[in-house]
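Trainee: Hi! Could you walk me through this structure?
Mentor: Sure, let's open it up and chat as we look.

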Amino acid sequence: MMRRVLQALAPVLFLPHGGGPLPVLGDRGHEEMVSFLKEIVTKLGEPSAILVISAHWEEEQATITSNSQPGIIYDYYGFPAAAYEIQYAAPGHPGLANEIYTLLTANGIPARLDEQRGFDHGMFIPLKLMFPQAQIPCVQLSLLNNLNPRMHIALGKAIAALRSRNILIVGSGMSFHNLKAFFSNTIDSSKANEAFDSWLIETCTYPEIQPEVREQRLIEWEKAPFARFCHPREEHLLPLHVCYGIASADTPIARTVFNGKIMGKKVTSLLWQ
């Protein structure tokens, strides 16, 4: 009797990318995050390609970078000159971009390829720390500018087949993203920060939660404690919804791989593996 060999699925990682270029400029408020990103690669294996869903790219329809040599987009302002000299010369992957396009459209999700767009800092900042040699081909997938959580889960489900291809999938955002709280000395955000963080970890990692309940909680994330305080606008949370959609059929329960401080705020990273 022949024994079926199960194919390993590539990991899906929701990670924080921090404040603009600060993680690679030596900012002390990012030290825990930098250490985490450098260490997590040992748990991810050696991917043949990387797909990044960044909080810093929104389009009317799902859009994929398809340039073989994408440039860098310095989509931040007010930082030292060194912030605008950061390079990350990873190659693109037009073949993978076309495959993502095909998967999306086959699942009824309108999509397009973008041969002009480069990599934004939601992609090149964490990957510069994780894979500094920039040797692995990379592709970015946009968020939808309607910011609909259900549609972002569906976006992930449509491309779940990529996990069988040794493609590391990274949702790059932040589990806490209230900029006023980050830069204010007068706003006490600790209660809200910790309450929402606990809800997020419970929702994504507790095996007692039934799959349909887990998904509905993510769709109705605004009902979570202090949700709108922690995310006045949800673009930094939605990469997590895409990650969940990708992983939900095979490994719906994530594990917490980082729960530390970034600029004094508790931030979580989740891994589906």
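Trainee: Is helix α3 mostly covered or mostly open?
Mentor: Helix α3, residues 121-130, is mostly covered in this predicted model. Of its 10 residues, 9 are buried.

Trainee: Which residues in α3 are buried?
Mentor: They are His-121, Gly-122, Met-123, Phe-124, Ile-125, Pro-126, Leu-127, Leu-129 and Met-130.

Trainee: And what do the buried residues of α3 pack against?
Mentor: They pack against four strands, β1 (12-16), β2 (49-59), β5 (138-144) and β6 (167-173), and against helix α1 (31-40).

Trainee: Zooming out, how many helices and strands are in the chain?
Mentor: The chain has 9 helices and 8 strands. Its radius of gyration is 18 Å, close to the 19 Å that the globule rule gives for 273 residues, so the chain is as compact as a globular protein of that length.

Trainee: What share of the chain's residues is buried?
Mentor: Buried residues make up 55% of the 273. As for the surface, the chain exposes about 12,100 Å², with carbon and sulfur atoms supplying 52% of that.

Trainee: Let's switch to charges. How many salt bridges does the structure hold?
Mentor: It holds 11. One of them joins Glu-202 to Arg-217, with the closest N and O atoms 2.8 Å apart. That pair links distant parts of the chain, since Glu-202 is in helix α6 and Arg-217 is in helix α7 (residues 211-219), 15 residues apart.

Trainee: Why does Glu-202 count as partly exposed?
Mentor: Because its relative accessibility is 29%, and partly exposed covers the range between 20% and 50%.

Trainee: Which residue does Arg-117 form a salt bridge with?
Mentor: Its partner is Asp-120, and their closest N and O atoms are 3.3 Å apart. Both Arg-117 and Asp-120 are buried.

Trainee: Which residues are linked in a network of salt bridges?
Mentor: Glu-58, Arg-233 and Glu-235 are linked that way.

Trainee: Back to helix α6 for a second. What is the nearest side chain of opposite charge to Asp-197?
Mentor: That would be Lys-266, 5.0 Å away. Asp-197 sits in α6, which spans residues 190-205. Asp-197 is buried yet has no salt bridge, and a salt bridge needs the nitrogen and oxygen within 4 Å.

Trainee: Which residues does Asp-197 touch, leaving out those up to four places away in sequence?
Mentor: Asp-197 touches Ser-175, Asn-259, Lys-266, Val-267 and Thr-268.

Conventions: Residues numbered from 1 in each chain as written. Predicted model: local features only at pLDDT ≥ 70, side-chain atom pairs only at ≥ 80, totals over all residues. Heavy atoms only, no water. Helix = DSSP H or I, 4+ residues; strand = E, 2+ residues; numbered from the N terminus. Buried < 20%, exposed > 50% of the residue type's maximum accessible area, 1.4 Å probe, protein only. Lys, Arg positive; Asp, Glu negative; His and termini not counted. Contact = heavy atoms within 4.5 Å. Rg over C-alpha atoms; globule rule 2.2 N^0.38 Å. Areas by Shrake-Rupley, 256 points an atom, 1.4 Å probe, with all protein chains shown as cover.
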